[in-house]
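With the structure open in your viewer, follow the stops below in order, selecting what each one names before reading on.

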Amino acid sequence: MPLEIVRNDITKMKVDAIVNAANETLLGGGGVDGAIHRAAGPGLLEECRGLGGCEAGAAKITGAYRLPCRYVIHTVGPRWRGGGFGERERLESCYRSALSLAREKGCRTVAFPLISAGAFGYPRDLALRTAVDTVSGFLADNEMTVYLVIFDRASYQIGEKLFQDIAAYIDDHYVEEHTAARRPGEESRILRQRAAEEPVLSADLDGAAFSRKSLPGAVTLDEALGRIDESFSQMLLRKIDERGMTDAQCYKKANIDRKLFSKIRSDSHYRPSKPTVLAFAIALELPLEETREMLMKAGFALSHSNKFDIIVEFFISRGNYNVYEINEALFAFDQNLLGA
Ligand code: AR6
């Protein structure tokens, strides 16, 4: 996945470069800056002394010393002063400057903390939105994997209106759990949930074809099997053509990397994961019915017994096909993200 939100300590990330949220002196400080200097050892401070500081919005690069990455890119975020003092532009500039430096050095994987979202006081949801928008803009033209590393759970409180709407939607649609919890027979509930989450077996698909055959005006068995025969990969390629998209437009919008897409393209029987199918359904802006059809091709279904499905359904039913926004919401609700 080109853009991933992960929960981790950035000093543990095994990537080509990690980004430091520093101050203008570049001589260390608290927060993530302190953690990076501690983990890298004194060599990092020595090198930083020779850099002559850094302006807010700009970035400079050093070695990584004892850290498990190759480079540290130091950038200085804006201090939050209410939002009317060019804070967003400056924060965007931090991400862009750091990413250009990473590209110049040939980095393929880069990890960012949420710049300015700590001591510099930038509201966390706005800091995250700026990070996601700016990084995804860069990834539209560059092949790289970027991790947004969220350190603590508190960075991610469900305060935003969008998340409250999603929480309400989950409450309204999380049928199985609410109703089943009051009934005896907990075990059968668990079994039903599992059944809903597990791939539909091909035997079930065949069963569906047979039952259709017995309806008046139903398709023949051959026709039914012919439809079933269109694999996930074939349906995906057909939909890309029908939408007039290029392959790259589609996999980038899906937040899927090129290698995975090539695999799917060259293997008509490729078995994707559910998040991969949904990422493509989102990129193709499929309505719910077609999303279900595409899932079915890969042996999956949308269910109301798991939050992941309900959240994706929430966005599709509102015509919001922004995979990054959906991933932010999935992350906030502790679910797997869309993509590979
Ligand atoms: N890994 C990932 N994220 C972290 C880590 C970590 N180990 N530690 C903290 N964070 P901050 P700023 C998160 O204050 O707001 C320094 O003193 C943290 O939860 O580190 O840009 C500098 O020297 C928050 O979400 O950076 C500057 O003076 C995010 O990193 C000033 O702070 C950024 O918090 C910069 O302030």
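Begin by selecting Thr25, whose side chain reaches the backbone nitrogen of Leu27 at 3.0 Å; bear in mind throughout that what you are looking at is a predicted model. Thr25 belongs to the loop between S2 and H1, and a second link leaves its side chain, since a polar contact of 2.6 Å joins that side chain to the side chain of Asn23. Is Thr25 buried or exposed, or something in between? Its relative accessible area is 43%, and it therefore counts as partly exposed, because that class covers the values between 20% and 50%. If you also display Leu51, you will find the C-alpha atoms of Thr25 and Leu51 9.0 Å apart in space, although 26 residues separate the two in sequence.

Keep Asn23 selected and add the ligand, because the same side chain leads there: a polar side-chain atom of Asn23 lies 2.9 Å from an oxygen atom of the ligand. Next add Val32, where a backbone N or O atom lies 2.8 Å from an oxygen atom of the ligand, and then Asp9, where a polar side-chain atom lies 2.9 Å from a nitrogen atom of the ligand. On its own the ligand has 700 Å² of accessible area, and the protein covers 90% of it.

Now select the whole shell of 22 residues around the ligand, in which Gly30, Val32, Asp33, Gly118 and Ala119 come nearest. Colouring this shell by class shows 11 nonpolar, 8 polar and 3 charged residues. Which element gives the most to the shell? It is H1, with 4 residues; strand S2, covering 17-22, and helix H1, covering 31-40, each supply at least two residues. If your viewer can draw pockets, look for the second largest one, in which the ligand sits.

From here, move along the chain to helix H13, which spans residues 274-283, and select Lys274 within it. Lys274 is buried, because its relative accessible area is 10%, and a polar contact of 2.8 Å joins its side chain to that of Asp309. Pro275 is also found in helix H13, and with a relative accessible area of 16% Pro275 is buried. Displaying Val312 as well lets you see that the C-alpha atoms of Pro275 and Val312 are separated by 9.9 Å, with their positions 37 residues apart along the chain.

The next selection is Ser305, in the loop between helix H14 (288-297) and helix H15 (307-317). Ser305 has a relative accessible area of 3% and is therefore buried, while its side chain is joined to that of Ser303 by a polar contact of 2.9 Å.

Finish with two residues chosen for their backbone angles. Most residues other than glycine have a negative phi. Glu285, in the loop between H13 and H14, is not a glycine and yet has a positive phi of about 55°; with a relative accessible area of 41%, Glu285 is partly exposed. Asp334, found in the segment after helix H16 (323-332), likewise has a positive phi, near 65°. Where Glu285 is partly exposed, Asp334 counts as exposed, because its relative accessible area is 51% and the exposed class begins over 50%.

Methods
Residues numbered from 1 in each chain as written. Predicted model: local features only at pLDDT ≥ 70, side-chain atom pairs only at ≥ 80, totals over all residues. Heavy atoms only, no water. Near = heavy atom within 4 Å. Polar contact = N/O pair within 3.5 Å; in protein donor to acceptor, adjacent residues only side chain to side chain. Areas by Shrake-Rupley, 256 points an atom, 1.4 Å probe, with all protein chains shown as cover. 1 Å grid on protein atoms, 1.4 Å probe; cavity = no way out; pocket = protein on both sides within 12 Å on 5 of 7 lines; lining within 4 Å. Sits in = over half its atoms within 2 Å of the grid points. Nonpolar A, V, L, I, M, F, W, Y, C, P; charged D, E, K, R; others polar. Buried < 20%, exposed > 50% of the residue type's maximum accessible area, 1.4 Å probe, protein only.
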